[in-house]
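This report examines selected features of the model displayed below. It is addressed to a reader who wishes to inspect the contacts atom by atom.

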Amino acid sequence: MSTIEVSPVASRTGGQSYRVINDWSIQVATVNGSGSQTANNILMRSIFQMGIPVSGKNLFPSNIAGLPTWFTIRANKHGWIGRKKEIDFLVAMNPETAREDVLKLEPGAAVVYDAPLKLNELRTDLHFYPVPFDKLVVPVCPEVRLRKLVRNMIYDGVVGHLLGLDFEEMKKALYKQFGARKAKAADLNWNAIQAGKQFAEESLPKMDSLWAERMDKTAGKIIIDGNSAAALGCVFAGVTVVTWYPITPSSSLVESMIGYLKRLRIDKETGKATYAVLQAEDELAAVGMVIGASWAGARAMTSTSGPGVSLMAEFVGLGYYAEVPAVIFDVQRVGPSTGLPTRTMQGDLLSNALLSHGDTHHPILFPSDPAECFSMAGEAFDIAEHFQTPVFVNTDLDLGMNNWMADPFEYPTKPIHRGKVLTAEDLDRVGEFARYRDVDGDGVPYRTLPGTKHPKAAYFTRGSGHNDRAGYTEREDDYVNNVDRLSRKFETMKKWIPAPEMQRSEKASIGLVYCGTTRWAVEESRDQIAREYGVETSFLRLKGYPFTQELEDFIHAHERVYVVEQNRDAQLLALMKLDLPVPLLSKLRSIRYYGGMPLDARTVTTKFVEQEGL
Amino acid sequence: MSAAAAPPPKKVNRIGLDVLPYKGGKTTLCAGCGHNSISERIIEVLFELGIEPHSVAKMSGIGCSSKTPAYFLSQSHGFNSVHGRAPAVSTGALMANRDLRGIVVTGDGDTASIGIGQFIHMLRRNVPLVYIIENNGVYGLTKGQFSATADRGSKQKSGVINDMTPIDCCLMGIELGATFVARSFSGDKKQLTNILKACVSHRGLSLVDVISPCVTFNDHEGSTKSYSYVKEHEMALHDVSYVPYYEEIQVDIEEGEVRDVTMHDGSHLRLKKLGRDYDPTNKRQAVDAITDAEKSGEILTGILYMEQGRDTLHDMLGMVDEPLATLPQSRVRPGPEALARMMEELR
Ligand SMILES: Cc1ncc(C[n+]2csc(CCOP(=O)(O)OP(=O)(O)O)c2C)c(N)n1
Ligand code: SF4
Ligand SMILES: [Mg+2]
């Protein structure tokens, strides 16, 4: 909306020269631990239920209570659900940040604020709506203890009225959030919303031009965070052993999975679990358990973030070399070291791909939205078990912890794939078993599971040198043969890695390559570049590593290819430089952002335009 | 030398197997290494008890000791993992397949240093497995540096004296939740065999710290883990014998002389008094006895502590009775209606 002139005197009853409909962002500034999350979710849901594409992003501190947090809701009629930097509507509830929050706004923005903060004295080019929250909360919430929480609901009522949200939808959203069991709490909060609405009706004439209008662009969609989506994906992929060690932003993946498992995976007859979840003593143990469990035949996974991945290095190398499946979700946060634990980054691409000493290579999947978190969970297990190797699913804080409007998940059509496992009957049939022999010429050997009752089933798993019968060896030829086979196996894997999503425009000489959540900024940026600069671009969104032929072909077909990613060191580009034919490399350019916020389209556009000299 | 000190070739056990499947590859450890004797005891015990080789998972970390699973039970799956991390790998394997019998062999470097965190957490989870520490007071495989179990005042081959307090894994085991804790000596065939048999019968985690001299780096004068030192200072708490559930008890118990413990599988553990009366179910007494022995420079061996009936990891996890690893798709993938229900809730 920064490109539109705002009339400062527009009012509800008349004089509105224009309206900005379904294209704005709201930012709610609060203190963490004040329970504003519920109010924010209800606001977001109300917009969603009105059929308007919406996204919500929580910017929170690494702290339990008392520090500033900001929640941004973006409504966009075109369906752009990436982050937008400019704030059109501020709800200033946090005295500590209010001043700075207000000073940062573009002229013409609207501000709902706690009346005693007197923010209206700061600027004259904004639309100010003072609300006496403390006064309004008293009659609706006699219990003093609850006022801090209920107070937040009042801004839902105020904002809802000012934007013209449908209060029936808001009521639905509220009661859905609280559920039947907390009906009393829901009533209390509904009263607070109505108090806000009533106050706004009586005392706050509309001055800004932001409006919500019903659309039909969210029909059939769901709202979910990526971690929950991945968790559900694992549950439907038939996960049996789950281990973890808490770390932001990945904890909620296993925590929500525990909830789903309890609902969906308890044996009806016996009341017992068809899974095991264990909180380990550290990530090293967590991944060690996964390796042990997968070796014994379970579908096992763990979930972590950068610091945990660093601890897992030795075991992941063992998994690679001894050929043991493992599924590792890496919900990336800003590093190095502890870094910014509550900010997002695509910072572990190289460490995922090459983790551990010696020559190692690991497959990675790159989900970009909740639906892919769900489906790729299943693919990750199939790849891990077929190729008997650790697989990373590389998501990030933005995808994992924020609520996303998403397509509903499709029930898996393919049966669970357990890979080349020989049973006792198979062993009778084939006569001979050599654990690391390349029987099929694809680099992928056969394995047996412990407990298989057959004199030929056993083999000895080790991370030290081994020949094709799993016997100890230090011979040069045995070593080389084995690691060359591992390379062949990695090559075969390309057939199993999901194909990239791409669009090659005939007119475009420039391509954009990216993965994961970078998608949302790039899709919108391509639209900006086309509209504002008349430049058409093609795109290729990687869904996994190792890279497949499509990537090479795509680079061939363009004059220049920008690799867009969220880290300082151009890690995706570096990986491409390692793997792609040298003649292609001179075509590659880099666009990077690494400030820890979800990437936004304008940043991509600006950096693109700069490099292209447009 | 081969790790198997052979029972006569044709002899078969109660499940009709001769000893061959219980043996493993030829050992590559030094001749006379205590670890070899322990491998022999494992072979003997599992053969005599008629344990099905395919039901065993042999697990280890890294070290001379951790190599030994290659030298016994050739028809069992084995996993020589990474240094100190056998507890995690074993815990995972047993979560995946609760029917497996986990036999874990580690070194004192594995257990008391790099992997001590995992060791402790495995204890508190009462993971149902047999955990053997082949304790030589040094890092054998990296050529003789002190381990954390080296006694204060013990001398390294180079002459360096250890000044630091040793870690007593048995004491730690008792404090932290192990439900069967024993100490033995690789040179004490009879005691070690009977203790290992009791471990096989125990439901829960059994921990055996076996003093196992390193002939190459820690068998000299001044070492407290040498054969001669251990022989001189070993003090057995009791005479341990074991009667498996499938055999009749032959001798009557002499009142007051023998403590008879019925184990989970119906086998009998018989502890014959040697000198003082010792009740291995008394935690405080166990801790006192170990601490006293340490003060007087004695190496206390025997069954130090046992507790029957505590929930194992499997009980705590509430898993189905069958191995999770091989549950069919119909039991691990909820139906389409379940997904439809979840989607509806999120609309
Ligand atoms: C991460 C790591 N650090 C160091 C080593 C080197 N290393 C191999 S075995 C060993 C110690 C072995 O001592 P112990 O566990 O007591 O076994 P022993 O050889 O005495 O039987 C060490 C330090 C290693 N393999 N891995
Ligand atoms: S170095 Fe010591 S521990 Fe290792 S095999 Fe030789 S005697 Fe045994
Ligand atoms: Mg040692």
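The sections below treat a domain interface, salt bridges, a metal site and a serine environment in turn.

**Domains of chain A**

The model is predicted. Chain A is divided into domain 1 (20–211), domain 2 (224–406), domain 3 (424–493) and domain 4 (501–612). The C-alpha centres of domain 2 and domain 4 of chain A are 27 Å apart. At their interface, 26 residues of domain 2 of chain A are in contact with 24 residues of domain 4 of chain A. The two domains of chain A, domain 2 and domain 4, bury about 2,100 Å² between them, and carbon and sulfur atoms give 60% of this area. Gln346(A), Leu350(A) and Phe366(A) supply 31% of the area that domain 2 of chain A buries against domain 4 of chain A, more than any other three residues.

Polar interactions are also present at this interface: between domain 2 of chain A and domain 4 of chain A there are 15 residue pairs in polar contact and 3 salt bridges. On the side of domain 2 of chain A that touches domain 4 of chain A, at least two residues each come from α12 (349–354), β14 (364–365), α13 (370–387) and α14 (397–401) of chain A. Helix α12(A) gives the most to that side, with 4 residues.

**Salt bridges**

Over all chains, a search of the whole structure finds 61 salt bridges. Selected pairs are tabulated here.

| Residue pair | Closest N to O distance |
|---|---|
| Arg125(B) and Glu281(A) | 2.7 Å |
| Glu385(A) and Arg299(A) | 2.8 Å |
| Glu48(B) and Lys197(B) | 2.6 Å |
| Asp369(A) and Arg519(A) | 3.5 Å |

The salt bridge of Arg125(B) with Glu281(A) crosses between chains, from the loop between α5 (116–124) and β4 (129–135) of chain B to the loop between β11 (276–279) and α9 (283–295) of chain A. Both Arg125(B) and Glu281(A) are buried.

Within chain A, Glu385(A) and Arg299(A) form a salt bridge that links distant parts of the chain, 86 residues apart: Glu385(A) belongs to helix α13 and Arg299(A) to the loop between α9 and β12 (300–304). Both of these residues, Glu385(A) and Arg299(A), are buried. They take part in a network of salt bridges that links Arg299(A), Asp382(A), Glu385(A), Arg418(A) and Arg447(A).

In chain B, the salt bridge between Glu48(B) and Lys197(B) joins helix α1 (residues 34–49) to helix α7 (residues 189–201), the two residues being 149 residues apart. Glu48(B) is partly exposed, with a relative accessible area of 32%, whereas Lys197(B) is buried at 12%.

**Magnesium site in chain B**

Which residues coordinate the magnesium ion (ligand 3)? The donors are Asp108(B) (OD), Asn136(B) (OD1) and Val138(B) (O), at 2.1 to 2.2 Å. Asp108(B) lies in helix α4 (residues 108–114) and Val138(B) in strand β5 (residues 138–139) of chain B, so this pair ties together parts that are 30 residues apart in sequence. Along the chain, the donors follow the spacing D-x27-N-x1-V. Asp108(B) is buried at 1% relative accessibility, and Val138(B) is buried at 3%.

**The environment of Ser267(B)**

Ser267(B) is found in the loop between β11 (258–262) and β12 (268–273) of chain B. Is Ser267(B) buried or exposed? Its relative accessible area is 0%, so Ser267(B) counts as buried, the limit being under 20%. The side chain of Ser267(B) makes a polar contact of 3.3 Å with the side chain of Ser201(B), and reaches the backbone nitrogen of Tyr245(B) at 3.0 Å. Residues that Ser267(B) touches, not counting those up to four places away in sequence, include Tyr242(B), Val243(B), Pro244(B) and Val261(B).

Technical notes
Residues numbered from 1 in each chain as written. Chains lettered and ligands numbered in written order. Predicted model: local features only at pLDDT ≥ 70, side-chain atom pairs only at ≥ 80, totals over all residues. Heavy atoms only, no water. Buried < 20%, exposed > 50% of the residue type's maximum accessible area, 1.4 Å probe, protein only. Polar contact = N/O pair within 3.5 Å; in protein donor to acceptor, adjacent residues only side chain to side chain. Contact = heavy atoms within 4.5 Å. Donors = N, O, S within 2.8 Å, 3.2 Å for Na, K, Ca; no water. Domains from an automatic or database assignment. Buried area = accessible area lost by both parts, 1.4 Å probe. Salt bridge = Lys/Arg side-chain N within 4 Å of Asp/Glu carboxyl O.
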